[in-house]
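Me: I am new to this structure and would like a close look at a single part of it, the open sheet and the aromatic rings associated with it. Please take me through it slowly.

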Amino acid sequence: MKKILYLTLLGLIIVALLIFTCFEKGTKNNLIIGNKSSEIISNITIQRIGKIDVMDSKLKYNQHCYFDMGIQNNCTYKIKFEDISNHIAHSKIFSSNFSENEISTINIFKDDKGKWSLILEK
C-alpha cells in the first residue's frame with residue numbers, strides 16, 4: 001500500500017515539474033531560430049559576451065529552436081550552425097533588443113546555388 005502511495009506521489013511530482021517546465025519555456029524564450037531550407041542543420045550555437053548556448057538537436061525543414069536571451073538592449077550575438085550534409089559551419093553576427101515582449105526570429109535559408117543566408121525578422 002505504501003509503495004502505491006509513493007509511486008502516486010512521485011507521478012504527481014513528475015507531472016507538476018513537466019507542467020512547470022512547459023509553462024516557463026513559453027514565457028522566457030525570446031529568440032527563435034527557424035530552418036527554412038530543405039537541408040538538415042545541427043549544432044546551433046548562440047555566442048554572446050560571457051555565455052554560449054548550444055542546441056545539439058537537428059532541425060529539419062520548418063522546425064524551430066528557442067533560446068532565452070534575457071532582457072538586453074543592443075545585444076550583439078553570433079549565430080552559428082552546421083550544414084549536416086556537408087559538415088560545414090556557417091555563422092552571422094546580429095544585434096537585437098530582447099525583452100519579454102520583443103521576440104527576434106532568425107530564419108535560415110539555402111538558395112538554389114547552395115548559398116546559405118540568415119535573416120533577422122522582427
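Reply: What follows starts with how far the model can be trusted, then turns to the sheet and ends with the ring pairs.

This is a predicted model, and the protein averages a pLDDT of 84, with 83% of the residues scoring at least 70. One stretch calls for caution, since over residues 20-27 the pLDDT is below 50, and beyond near neighbours in sequence this stretch has 0 contacts in the model.

The sheet itself is open and has 4 strands, which follow the order β3-β2-β5-β6 with antiparallel pairing. At its edges stand β3 (51-55) and β6 (88-98), and because each has a single partner strand, one side of each is left without a neighbour in the sheet. Neighbouring strands of this sheet are turned against each other by 20 degrees on average, with direction ignored. As for the pairing at one end of that order, strand β2 (residues 41-48) and β3 run antiparallel and are joined by 5 bridges, and within this pairing I44 stands opposite M55 in β3. In general terms, the strands of a sheet pair through backbone hydrogen bonds, either parallel or antiparallel.

The rings add another set of links, for the structure holds 3 aromatic pairs. In one of them, the ring centres of Y77 and F94 are 5.9 Å apart and the planes stand at 25 degrees; stacked pairs are those with planes under 30 degrees apart, so the pair of Y77 and F94 is stacked. This pair links distant parts of the chain, given that Y77 is in strand β5 (residues 72-83) and F94 is in strand β6, 17 residues apart. Buried means under 20% relative accessible area, and therefore Y77, at 1% relative accessibility, counts as buried, as does F94, with a relative accessible area of 7%.

A further aromatic pair is formed by F81 and W116, which are edge-to-face, at 5.2 Å centre to centre with 65 degrees between the planes. Because F81 lies in strand β5 and W116 in strand β8 (residues 116-121), the pair ties together parts that are 35 residues apart in sequence. Both F81 and W116 are buried.

Finally, ring pairs link Y77, F94 and F98 into a cluster. Returning to the sheet with this in mind, a reader can find Y77 in strand β5 and F94 in strand β6, and then see that β6 stands at an edge of the sheet.

Notes
Residues numbered from 1 in each chain as written. Predicted model: local features only at pLDDT ≥ 70, side-chain atom pairs only at ≥ 80, totals over all residues. Heavy atoms only, no water. pLDDT = per-residue confidence, 0-100. Contact = heavy atoms within 4.5 Å. Pairing = 2+ DSSP bridges. Helix = DSSP H or I, 4+ residues; strand = E, 2+ residues; numbered from the N terminus. Axes fitted to C-alpha atoms, helices over the stretch in contact; angles between N-to-C directions. Phe/Tyr/Trp six-rings, centres within 6.5 Å; stacked < 30°, edge-to-face > 60°. Buried < 20%, exposed > 50% of the residue type's maximum accessible area, 1.4 Å probe, protein only.
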